Amino acid sequence: MSVSSVADGVSDGFALAKAASASAPVALVVDGRQKDLAFVAPQGSDVSIVVSTDDLGREVIRHSTAHVLAQAVLRLYPGAKYSIGPPIQDGFYYDFDVETPFTPDDLEAIEKEMRAIVKENQRFERAEVSREEALELFADQPYKVEIIEGVAGDAEGAEREGGTGEVLTVYRNSVGDDVRYVDLCRGPHIPGTGRIKAFKLLRSSGAYWRGDEKRPMLQRIYGTAWESKDAMQEYLDRLEEAEKRDHRKLGRELDLYSWPSEVGAGIAVWHPKGGILRKEVEDLSRQMHIERGYDPVFTPHLGKSDLWEISGHLDFYSENMFPPMSMEGADYIAKPMNCPFHVLIYRSKTRSYRDLPLRLSELGTVYRFERSGALHGLLRARGLTQDDAHLFCRQDQIVEEMVGVIDFLRDLYAVFGLSPDAVRFSTRPAKSVGSDELWELAEAAIPQALSKAGLEFEVDEGDGAFYGPKIDIDVRDAIGRYWQLCTVQVDFNLPERFGLEYIDADGSRKQPVMLHRALYGSIERFIGVLVEHFAGAFPTWCAPQQVAIIPIADRHVAYAGSVLERVEAAGLRGDVDTSDNTMGAKVRNHQLQKVPYMLIVGDDEAGSETVSVRSRSGKESRGVAVGEFVSRVTAEIQARDTELSF
């Protein structure tokens, strides 16, 4: 509901919600700002009701539950120091400085104490305090003191904490006149703890204060909270399904890849089955790039520090780069990006306006020093291969080229049954290079291209790359999770830093525009997402093993071998299972390995030159001619279908 004109101010959020027929109100949005239900809206305000089932409403519930978590920990661990506890996607966390890490038994006790606090129905009461009062209030809490001192004189930081730098807001949890808990917070919060209907603590882990490995290691407790027990159970079921699909777990079970400690954290090695999967994914990318007018290039894995100084990476990206290697009086650095090399390829000869757009593509491996706490299998790695491309074009070609990139990614993702489901346009960050004029040109082109391509988008202020604004595109997987994959960036700055030019129609020299884009994002991350999306049951075209031929008895091995010859002659990947296992065990093993098709052969099949086809789903087709099987599966593979043909 939106009330565009509030007559005399509204002091009762519940009454306003009732008038709007809204259920379970938890907060207000007044003139674009979140407020508690008790907030008095000035005359003429635009007021919206936030209910518990809205994303914002759930965020308010989770934020409030985080306060309950902190109160419970302080009750059970009187010497604990608490820092921050924000809502996050599908949940919340709070960080604590305690003597020993939390155990599962500790979490159970904390959750029990939280239920007692919820039962007390403590009121959330907002109050403004001066900076001096806040410092006195939290004198024994060093992390709160650091926050308070940090926002003094910092208007943006003060706004985040709900104040102006010298005036901050706190929330008190009270029963009558008895204040049970106080936290530094901007809010909003639900009226009372009794409105928390469903929550659960999930796990704990270590987390550096402020994300800085040189600062104290705190203990972070993660939890989730929902508007109802049913909603929470649906989420917990999704979590359970996500655990079954974890690409690290399935990677071990399917023998796809591993992370040997001798190699180093964040760098995977690919086993033969994983190598086949990766090759199929890469070959698709190569084929589609060539079909769309991209020129393949290859660049080295390292470059002199001079290159990274010119590009600006040493000034703006050095904390994510591996340290230099000194050889023969020069420093060499493992590349974190492919773009400077592609720039040098462009600069290697004189270019005409007729040469543009020039599209250079590469499956280029890069190395980035992700902190150990951020590493997560293939999804967050230190060694990764990007399906990278850089498009050099004239200013009047920017929109058309960006639309072409979006059309390309739609076609690529569709092969896997995916699509661009969420789009963010990120603008200029505080730390950046380039003139205001060039940034304005780049930021004007992106919304125009997105609109022309028919994509809705959100604006993410200040989250662009240091050299240009960008688009981030998420896909939604089989169980509803969003994954950020493709990135597209507009860059006027690298062409300027490297002095790129082209000869225009009138003979004048002009500077091209550079578009950065990676559709998969990285091969590693994309395959990690695919493993979880398909739960390891890949479409036949990219499955490491496509066919398993199972002879019922030893006398059928020869016929199984002849079937294998026909299968392999058609280009299918298969083998004959001659293990000593029972037939039932063989079938189970291949099902666990997610092999699309099992061909069972016995006396009847050998006599009629047929096979019994059993798909990994358990569906069976008896008496199928070998030629028919090969023909149908070959057509399925050529079409890159995501569904099995048997």
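**Close-up views of a predicted model**

**View 1. Cysteines without a disulfide partner.** The sulfur of Cys393 lies 15 Å from the closest cysteine sulfur, which belongs to Cys339, and this is too far for a bond. A disulfide requires two cysteine sulfur atoms within 2.5 Å. Under this rule the model, which is predicted, contains zero disulfides. Cys542 is likewise in no disulfide, for the nearest cysteine sulfur, that of Cys486, is 20 Å away. How accessible is Cys393, buried or exposed? Cys393 is buried, and its relative accessible area is 0%. Cys542 also counts as buried, at 1% relative accessibility.

**View 2. The protein chain as a whole.** The chain holds 20 helices and 32 strands. Its C-alpha trace spans about 90 × 75 × 55 Å along the principal axes. Of its 646 residues, 51% are buried. When contacts between residues at least 6 apart in sequence are considered, 69% of them join residues at least 24 apart.

**View 3. The largest nonpolar core.** This core has 83 residues, and those touching the most other members are Met402, Tyr413, Phe416, Phe526, Ile549, Leu599 and Phe629. Which helix gives the most to this core? Helix 13, formed by residues 398-415, does so, with 11 residues. Residues come both from domain 2 (280-299 + 335-529) and from domain 3 (540-638), so the core lies between these two domains.

**View 4. The surroundings of Leu599.** With neighbours within four places in sequence left aside, the contacts of Leu599 include Val547, Ala548, Ile549 and Ile550. Leu599 also touches Val563 and Val567, together with Val611, Ser612, Val613 and Phe629. Two of these partners, Ile549 and Phe629, are listed with Leu599 among the core residues that touch the most other members.

**View 5. An antiparallel sheet with the order 8-9-10.** Three strands make up this open sheet, and their pairing is antiparallel. Strands in a sheet pair through backbone hydrogen bonds, in either a parallel or an antiparallel sense. Strand 8 (123-130) and strand 10 occupy the edges; each has a single partner strand, so one side of each is left without a neighbour in the sheet. On average, neighbouring strands here are turned by 30° against each other, direction ignored. How many bridges join strand 8 to strand 9? Eight bridges join strand 8 to strand 9, the latter covering residues 167-175. Within this pairing, Arg126 stands opposite Tyr171 of strand 9. Helix 5 (residues 142-151) lies across strand 9 and strand 10, and runs at about 55° to strand 10.

**View 6. An antiparallel sheet with the order 16-18-17.** This open sheet also consists of three strands with antiparallel pairing. Which strands stand at the edges? The edges are strand 16 (302-304) and strand 17 (325-327); each has a single partner strand, so one side of each lacks a neighbour in the sheet. The average turn between neighbouring strands is 35°, direction ignored. Strand 17 pairs with strand 18 (residues 330-334) over three bridges, in the antiparallel sense. One pair of bridge partners is Met325 and Tyr332, the latter in strand 18.

**View 7. Two cis peptide bonds.** Most peptide bonds are trans, and most residues other than glycine have a negative phi. A cis bond joins Gly187 and Pro188, with omega at about 0°. Pro188 is located in the loop between strand 10 (178-184) and strand 11 (198-208). The bond from Leu356 to Pro357 is also cis, and its omega is near 5°. Where is Pro357 placed? Pro357 belongs to the loop between helix 12 (339-347) and strand 19 (358-367).

**View 8. Two residues with positive phi.** Arg210 is a residue other than glycine, yet its phi is positive, near 65°. The position of Arg210 is in the loop between strand 11 and strand 12 (217-226). Ala535, again a residue other than glycine, has a positive phi near 55°. The loop that holds Ala535 runs between helix 16 (523-534) and strand 28 (547-551). Ala535 has a relative accessible area of 18%, and it is therefore buried, since buried means under 20%.

Conventions: Residues are numbered from 1 along each chain as its sequence is written. This is a predicted model: local features need pLDDT of at least 70, side-chain atom pairs count only at pLDDT 80 or more; totals for chains, interfaces and linings use all residues. Side-chain values use heavy atoms; hydrogens and water are left out. Buried means under 20% relative accessible area, exposed over 50%, partly exposed in between (1.4 Å probe, protein chains only). A nonpolar core is a set of buried Ala, Val, Leu, Ile, Met, Phe, Trp, Tyr and Cys residues joined through side-chain atoms within 4.5 Å. Helices (H or I, at least four residues) and strands (E, at least two) are DSSP runs, numbered from the N terminus. Domain bounds come from an automatic or database domain assignment. Contact means heavy atoms within 4.5 Å. Two strands pair if DSSP finds at least two bridges between them. Axes are lines fitted to C-alpha atoms, for helices over the stretch in contact, and angles run from 0 to 180 degrees between N-to-C directions.
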